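Trainee: Could you take me slowly through one part of this model, and then show me how that part connects with what lies around it? I would like a careful reading that I can follow residue by residue.

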Amino acid sequence: MPELPEVEVTRRGFADRIAGARIVSVRLGKPLRWPLGVEPAVLVGRRVLQVRRRGKYLLLDLSTGLLLIHLGMSGSLRFADVLPPAGVHDHFDLVTARGTLRLHDPRRFGAVVWVHDEASPLARKLLGGLGAEPLSDTFMFPAFLAGLKASRQSIKQVLLAGKVVVGVGNIYACEALFAAGIRPTVVAARLSARRALRLHAAIREVLARAVERGGSTLRDFSGADGAAGHFQLEARMYGRAGQPCPSCGTPVRVMRQGQRSTYFCPHCQRA
DNA sequence: AAAAGCCCCTGGATGC
DNA sequence: TGCATCCAGGGGCTTT
């Protein structure tokens, strides 16, 4: 579900409030993607120092170790003083002295994993291969172009893979490619520097705009305070098959790329 | 080594 | 109403 904007909106929704809070208890529901990796009781008494984000992962630095949280396809986090009794899809509660952080995840593709530090084997496996952060100034065009030049995959799949740039999921890949006027099927290595530059800018603009708008709410995404996002109201391609392109009026087309739906305008995205 | 497919899981929408 | 099928915001793992 959540792409970079949704994860970042989630992070901002509770980071300041949970910072410094002591862990009171931990409740686990049904199994998630991986086991927590530590006895829940061991975490009690530790403090949550800060909440960072890397790609679509949230990193909760504890006074000892850190929790990696991923929302998968259907996950969302809530943070509140008091939450209702855990439902069948509430699979992780981190109860702190300042409120409870709860992961709700019907499909359970999400994960909460404890590691001692970012150099641990699991942390390296999950975070080690990630590409540049698109909203930071480490997202440099020369490296972006070099990454594209090294791949014979389609540009859409390169964006989704997260090895060159992180955080771009299916919605924002479609939107950024439309904004840049690039056909999603183009082989990444064949993009000219000029077009790659347009894409580099489009990725930043689309993601930053989505964060401002509070993310996209397709099914049940909401921020940590429970508020829905509004970006989907302005999605120009994603989910709009058959509807007129807002730029030229040509019906939006949908196709499959790597088991994912791609939406594009055959006129505005000609090459 | 890189790329393509395969799953993990539940629920909602659609079609018969 | 009931049941089958397809699809969904991700990504690690296995197979080519």
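Mentor: What follows is a close look at helix 1, then at the domain contact, the DNA side and a few loop residues.

Please keep in mind throughout that this is a predicted model. Helix 1 covers residues 4-18, and because each of its 15 residues should add 1.5 Å, the expected span is 21 Å, which agrees with the 20 Å that separates its end C-alpha atoms. Helix 1 nevertheless has a bend of about 30°, placed at Arg 12. Just after the helix comes Gly 20, where phi is positive, at about 90°.

Which residues of helix 1 are buried? They begin with Leu 4, Pro 5, Glu 6, Val 7, Glu 8, Val 9 and Thr 10, and they continue with Gly 13, Phe 14 and Ile 18. As for what they meet, these buried residues pack against strand 2 (48-54), strand 3 (57-62), strand 5 (76-80), strand 6 (90-96) and strand 7 (99-104), and also against helix 7 (193-212).

The wider setting is a division of chain A into domain 1 (4-127) and domain 2 (141-264). Between the C-alpha centres of the two domains the distance is 27 Å, and the contact draws 14 residues from domain 1 and 19 residues from domain 2. On the side of domain 1 that touches domain 2, helix 1 and strand 5 each supply at least two residues, and helix 1 gives the most, with eight residues. By class, the residues on that side of domain 1 are six nonpolar, four polar and four charged.

Turning to the nucleic acid, the residues around DNA strand B are Pro 106, Arg 107, Arg 108, Phe 109, Ser 151, Arg 152, Gln 153, Gln 157, Gly 258 and Gln 259. The surface near DNA strand B is made up of two nonpolar, five polar and three charged residues.

Two of the residues around DNA strand B, Arg 108 and Gln 259, deserve a second look for their backbone. Arg 108 is not a glycine, yet its phi is positive, at about 60°, and it sits in the loop between strand 7 and strand 8 (111-115). Because 18 other C-beta atoms lie within 10 Å of its own, Arg 108 is partly exposed. Gln 259, also a residue other than glycine, has a positive phi near 60°, and its place is in the loop between strand 9 (253-257) and strand 10 (260-264). Here the count is 5 other C-beta atoms within 10 Å, so Gln 259 is exposed.

Two further loop residues can be read in a similar way. Arg 33 lies in the loop between strand 1 (23-28) and helix 2 (40-43), and it counts as partly exposed because it has 14 C-beta neighbours inside 10 Å. Leaving aside residues up to four places away in sequence, Arg 33 touches Gly 72, Phe 109, Gly 110 and Ala 111; of these, Phe 109 is also one of the residues around DNA strand B. From Arg 33 to His 70 the separation is 37 residues in sequence and 9.4 Å in space, C-alpha to C-alpha. Asp 81 belongs to the loop between strand 5 and strand 6, and with 8 other C-beta atoms within 10 Å it is therefore exposed. Asp 81 and Val 95 are 14 residues apart in sequence, while their C-alpha atoms are 9.3 Å apart in space.

Note on methods: Residues are numbered from 1 along each chain as its sequence is written. Chains are lettered from A and ligands numbered from 1 in the order in which they are written. This is a predicted model: local features need pLDDT of at least 70, side-chain atom pairs count only at pLDDT 80 or more; totals for chains, interfaces and linings use all residues. Helices (H or I, at least four residues) and strands (E, at least two) are DSSP runs, numbered from the N terminus. The expected span of a helix is 1.5 Å times one less than its number of residues. The bend at a residue is the angle between axes fitted to the seven residues ending there and the seven starting there. A residue is buried if 20 or more other C-beta atoms lie within 10 Å of its own, exposed if 12 or fewer, and partly exposed in between; C-beta atoms are placed from the backbone. Two residues are in contact if their C-beta atoms, placed from the backbone, lie within 7 Å. A residue is near a molecule or strand if its C-beta atom, placed from the backbone, lies within 6 Å of it. Ala, Val, Leu, Ile, Met, Phe, Trp, Tyr, Cys and Pro count as nonpolar, Asp, Glu, Lys and Arg as charged, and the others, Gly among them, as polar. Domain bounds come from an automatic or database domain assignment.
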